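Here is a friendly set of questions and answers to work through. Keep the structure open beside you as you read.

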Amino acid sequence: MIPFHRSLSRSLQGALLAVAVLGGPALAEPQIGQPAPAFSVTDTQGKIWTLEDLAGHTAVLEWTNHDCPYVRKHYGAGNMQALQREAAGQEVLWLSVISSAPGKQGHVTPAEADALTQARGAAPTAVLLDESGVMGRAYAARTTPHLYLIAPDGTLAYMGGIDDRPTSDPADIPAAKSYIRAALADLASGRPVTEAVTRPYGCSVKY
């Protein structure tokens with residue numbers, strides 16, 4: 001008789017391993033055109049944000065970690081701040097999300113997060129502190145940065161990288177194609193987002 005553990009398919013073994021590691025079944029990944037995953041997360045000012053709060057607004061979710069060199073690339077060059085200000089000018093909500101767990105790289109207190117926002121001249125609508133990682137896992141956020149665009153009807157319109165130059169070199173920004181800027185332009189014009197799913201790049205989210 002073939003031992004039970006050898007009779008399992010690799011896919012089934014992987015699924016069982018995921019259950020063992022995560023303590024439950026893996027969450028389904030979000031899908032373009034489907035309702036964005038629900039969340040309830042407190043920002044640095046103590047306000048609780050939910051998906052329902054975004055109703056009727058276009059919103060960007062930006063996963064971030066200030067210690068990640070890929071994040072430093074975009075903030076150090078002023079690129080992320082420029083995108084945030086462009087979004088604000090279009091009445092788009094921009095929520096920066098920090099899913100670093102306590103003790104992990106990128107974890108900050110509310111005061112530290114606000115100090116970073118001020119020091120970098122950043123302009124998000126709010127900074128959400130997802131210490132538990134529940135929101136990050138619901139969105140399958142893998143990297144910092146990792147960006148998502150939610151349409152006014154609450155459906156997911158874009159998810160992926162900030163641009164098409166997966167490096168930590170700021171010199172690559174001027175020639176890069178900004179996926180999030182293009183997605184916002186498509187959505188504002190009433191067009192389907194041309195490239196709705198792209199490959200994110202950066203540091204792993206420190207759950």
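## Rings, helices and charged pairs

In this predicted model, one aromatic cluster is formed by Phe39, Trp63, Tyr139 and Tyr148.

Q: How many aromatic pairs does a search of the whole structure find, and is the pair of tyrosine 139 and tyrosine 148 stacked or edge-to-face?
A: The search of the whole structure gives 5 aromatic pairs. For tyrosine 139 and tyrosine 148, the ring centres are 5.4 Å apart and the planes meet at 75°. Planes over 60 degrees apart count as edge-to-face. The angle of 75° therefore makes this pair edge-to-face.

Q: Are tyrosine 139 and tyrosine 148 buried or exposed?
A: Both rings belong to the aromatic cluster with Phe39 and Trp63. As for their cover, tyrosine 139 and tyrosine 148 are buried.

Q: How many helices and strands are there in the chain, and what share of its residues count as buried?
A: The chain holds 7 helices and 9 strands. It has 207 residues, and the share that count as buried is 45%.

Q: Among contacts between residues at least 6 apart in sequence, what share join residues at least 24 apart?
A: Contacts can link parts of the chain that are far along the sequence from each other, and this share puts a number on that. With contacts between residues at least 6 apart as the starting set, those that join residues at least 24 apart make up 73%.

Q: Which residues of helix H7 are buried, and how wide an arc do they cover around the axis?
A: Helix H7 runs over residues 179-188, and its buried residues are Tyr179, Ile180, Ala183, Leu184 and Asp186. They lie on the same side of H7, because the arc they cover around the axis is only 160°.

Q: Which elements do the buried residues of H7 pack against, and which glycine comes just after H7 with a positive phi?
A: The buried residues of H7 pack against strand E3 (59-63), helix H4 (79-89), strand E7 (146-150) and strand E8 (156-160). Just after H7 there is a positive phi of about 80°, and the residue that takes it is glycine 190.

Q: What covers the buried residues of helix H3, and which glycine comes just after H3?
A: In helix H3 (residues 69-76), Val71, Lys73, His74 and Tyr75 are buried. Their cover includes E3, H4, strand E4 (93-98), helix H5 (110-120) and E6. Just after H3, a positive phi of about 80° is taken by glycine 78.

Q: Is glutamine 84 buried or exposed, and what is its relative accessible area?
A: Glutamine 84 is part of helix H4. Leaving out residues up to four places away in sequence, glutamine 84 touches Glu62, Tyr75, Trp94, Ser96, Ala122, Ala123 and Pro124. Buried means under 20% relative accessible area. Glutamine 84 therefore counts as buried, with a value of 0%.

Q: How many salt bridges are counted, and how far apart in sequence are glutamate 29 and arginine 142?
A: The count comes to 4 salt bridges, and one of them joins glutamate 29 and arginine 142, with the closest N and O atoms 2.2 Å apart. Glutamate 29 is in the loop between helix H2 (10-22) and strand E1 (40-42), while arginine 142 is in the loop between helix H6 (134-138) and strand E6 (143-144). That links distant parts of the chain, with a separation of 113 residues.

Q: Which parts does the salt bridge of lysine 177 and glutamate 195 tie together, and how many residues apart are they?
A: The closest N and O atoms of lysine 177 and glutamate 195 are 2.3 Å apart. Lysine 177 lies in the loop between E8 and H7, and glutamate 195 in the loop between H7 and strand E9 (203-204), so the pair ties together parts whose separation in sequence is 18 residues.

Q: In the salt bridge of aspartate 186 and arginine 191, which residue is buried?
A: The side chains of aspartate 186 and arginine 191 meet at 2.8 Å, N to O. Arginine 191 has 43% relative accessibility, so it counts as partly exposed. With a relative accessible area of 7%, the buried residue is aspartate 186.

Q: Over which ring does the charged end of lysine 47 sit, and over the face of which residue does arginine 137 lie?
A: Lysine 47 has its charged end 4.0 Å from the centre of the ring of tryptophan 49. Arginine 137 lies 4.5 Å from a ring centre, over the face of tyrosine 207.

Notes:
Residues numbered from 1 in each chain as written. Predicted model: local features only at pLDDT ≥ 70, side-chain atom pairs only at ≥ 80, totals over all residues. Heavy atoms only, no water. Helix = DSSP H or I, 4+ residues; strand = E, 2+ residues; numbered from the N terminus. Buried < 20%, exposed > 50% of the residue type's maximum accessible area, 1.4 Å probe, protein only. Contact = heavy atoms within 4.5 Å. Arc of directions from axis to C-beta. Phe/Tyr/Trp six-rings, centres within 6.5 Å; stacked < 30°, edge-to-face > 60°. Lys NZ or Arg CZ within 6 Å of the ring centre and 35° of its normal.
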